[in-house]
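Student: I have a new structure open and I don't know my way around yet. Could you walk me through it?

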There are 2 protein chains.
Amino acid sequence: MELYEAMSTLRAVRRLKPDPIPDDVQGRILNAATWAPTGGNVQPWRMVAVTDADKKQTLEDLYRPYWEAYIPGYESKMKNMPEEVQASTNRALDAGTYLANHMHEVPLIAVFCFNPGIMTITDIDQPRTSVVGGGSVYPAVQNFLLSCRNEGLGCVLTTLLCYEEPAVKELLGIPEDWYTCAHVPVGYPVLGGHGSISRRGIDEMVSFNSWR
Amino acid sequence: MELYEAMSTLRAVRRLKPDPIPDDVQGRILNAATWAPTGGNVQPWRMVAVTDADKKQTLEDLYRPYWEAYIPGYESKMKNMPEEVQASTNRALDAGTYLANHMHEVPLIAVFCFNPGIMTITDIDQPRTSVVGGGSVYPAVQNFLLSCRNEGLGCVLTTLLCYEEPAVKELLGIPEDWYTCAHVPVGYPVLGGHGSISRRGIDEMVSFNSWR
């Protein structure tokens, strides 16, 4: 698939079939993640690809309460949205609830891990939340998402399971100095899958030489 | 360009010509960034695209000392590397020094900003460095890099200027509640530009169901 077609149609797909992912397809999406750039080419991330039924069920059980707690906050934000946006947001929330109840069925949950001890985190001393460690992981996550889109697989970047990081680490045997930062359920779409996306344009997102 | 060709040949290009970027090309790389997914589709990032000669010179002057301080640490790590890796690392360091002395000439430096106040940072309370805020910015950075590669433009993701965030914010008029997380110099390559990359493969990066 052409690059811009993949990017411009990569949307969150939360209704996923339990159908298995063929080995060659799975190999290509995993490989795409490894191609991403990282600081100093250290590749300070790893993925645990969860396919085991019991472990997927445990991840779903850990995830669901956080999704359910997330909905009311979102619904209160929606009151100020235009009607059209409310409708599409409602559809997204319904799809999120579907995912929260069917995550155990998806063929693959990709758990991205990182090791801050081998990263150069240049904003660590700034008096605000650090994000730079993410610069050596989320490009790999984005490659993975784009590759799923290319292969006709639905997927969505989730981070709610970070609230349950100790339990996830124990479940998957993740060592003490490695942590989790993204959980991507992957599977063939139940409905239309990827398609048109709604984003702010360049005029709102980019300014030249000073803030605006 | 086909998606996997772009991903598998996206390497850091640090020797960049001063030649201008045509408006249509620039529009496409900026647009590609806006397509990226973000938590709750909030798009809590912005880009300041720096093209002004004086501001580029100031960014270079802020950057250079950190690059020069970075080299000795890297050289000491190199002593334990195989000879072949040492040679390629030396070439990368030379290219980095070239960039540190020519950043003022590149046609565009993309400064990515983010606002943690409008992000849901799910790992904020974990007893380790937070990275999840990066999950709503670095996918956009990766789209931008892939798009540069698609357009024949060289580019490299840098974060050293985060050490000088207050000075960068003042230079570009970035508001108090927005911060910086990536600085991407962009231009046509002096040498071969993008090409083969060296990465760990799936066997080292991915395990199934438990750490390994």
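Student: I clicked on B:Gly154 to start somewhere; what is its bridge partner in E4(B)?

Tutor: The bridge partner of B:Gly154 in E4(B) is B:Gly187. Please keep in mind throughout that this is a predicted model.

Student: Okay, and how do the two strands there pair, parallel or antiparallel?

Tutor: Strand E3 of chain B, residues 154–155, pairs with E4(B) in the antiparallel sense, and 2 bridges hold that pairing.

Student: How many residues of E4(B) are buried?

Tutor: In E4(B), 9 of the 9 residues are buried, so this strand is largely enclosed by the rest of the structure.

Student: And which strand pairs with E4(B) over 7 bridges?

Tutor: That is E2(B), which runs antiparallel to E4(B). As one example of residues facing each other there, B:Cys113 stands opposite B:Thr180 in E4(B).

Student: Going on from E2(B), what does E1(B) do?

Tutor: E1(B) is joined to strand E2 of chain B, residues 108–114, by 6 bridges, and the two run antiparallel. Within that pairing, B:Ala49 has B:Ala110 in E2(B) as its bridge partner. Of the 6 residues of E1(B), 5 are buried, so E1(B) too is largely enclosed by the rest of the structure.

Student: Which strand of chain A is joined to E1(B)?

Tutor: Strand E5 of chain A, residues 206–208, is joined to E1(B) by 3 bridges, and these two strands run parallel. One of the pairs to look for is A:Val206 with its bridge partner B:Met47 in E1(B).

Student: Now the other way round, which strand of chain A pairs with E5(B)?

Tutor: Strand E1 of chain A, residues 45–50, pairs with E5(B) in the parallel sense over 3 bridges. There you can find A:Val48, whose bridge partner in E5(B) is B:Ser207.

Student: What is the strand order in the sheet that contains E5(B)?

Tutor: That sheet is open and has 5 strands, in the order E3(A)-E4(A)-E2(A)-E1(A)-E5(B), with mixed pairing. Its edge strands are E3 of chain A, residues 154–155, and E5 of chain B, residues 206–208, each of which pairs on one side only. At the E3(A) end, 2 bridges join E3(A) to strand E4 of chain A, residues 179–187, and the two run antiparallel. A:Cys155 belongs to this picture as well, with A:Val186 in E4(A) as its bridge partner.

Student: Changing topic, how are the two chains placed relative to each other?

Tutor: Chain B can be laid on chain A by a turn of 180° and a shift of 0.0 Å along the axis, giving an RMSD of 0.0 Å. That is the relation of a two-fold axis.

Student: How many residues are in contact between them?

Tutor: On the chain B side 75 residues are in contact with 75 residues of chain A. Several elements of chain B give two or more residues to the side that touches chain A, including helix H1 (3–8), helix H2 (23–34) and strand E1 (45–50). H5(B) gives the most, with 8 residues. By kind, the residues on that side of chain B divide into 44 nonpolar, 22 polar and 9 charged.

Student: Why do you say the copies meet through the same surface?

Tutor: The reason is that 100% of the interface residues of chain B are also interface residues in chain A.

Student: Let me look at chain A by itself; how many helices and strands does it have?

Tutor: Chain A has 7 helices and 5 strands, and read along the sequence they follow the pattern α-α-β-α-α-β-α-β-α-β-α-β. Its C-alpha trace spans about 50 × 45 × 40 Å along the principal axes. A compact globule with 212 residues would have a radius of gyration near 17 Å, and the 18 Å of chain A agrees with that.

Student: What share of the 212 residues in chain A is buried?

Tutor: Buried residues make up 45% of them. As for contacts in chain A with a separation of 6 or more, residues 24 or more positions apart account for 84%.

Student: One last spot: where is A:Val106?

Tutor: A:Val106 is in the loop between helix H4 (83–102) and strand E2 (108–114) of chain A.

Student: Is A:Val106 buried or exposed?

Tutor: A:Val106 counts as buried, because it has 26 C-beta neighbours inside 10 Å. Leaving aside neighbours within four places in sequence, A:Val106 is in contact with A:Leu16, A:Pro18, A:Lys56, A:Pro185, A:Val186 and A:Gly187. You have already met A:Val186 as the bridge partner of A:Cys155.

Technical notes
Residues numbered from 1 in each chain as written. Chains lettered and ligands numbered in written order. Predicted model: local features only at pLDDT ≥ 70, side-chain atom pairs only at ≥ 80, totals over all residues. Pairing = 2+ DSSP bridges. Helix = DSSP H or I, 4+ residues; strand = E, 2+ residues; numbered from the N terminus. Contact = placed C-beta atoms within 7 Å. Nonpolar A, V, L, I, M, F, W, Y, C, P; charged D, E, K, R; others polar. Rg over C-alpha atoms; globule rule 2.2 N^0.38 Å. Buried ≥ 20, exposed ≤ 12 C-beta atoms within 10 Å, placed from the backbone. Least-squares fit on C-alpha atoms with pLDDT ≥ 70 in both.
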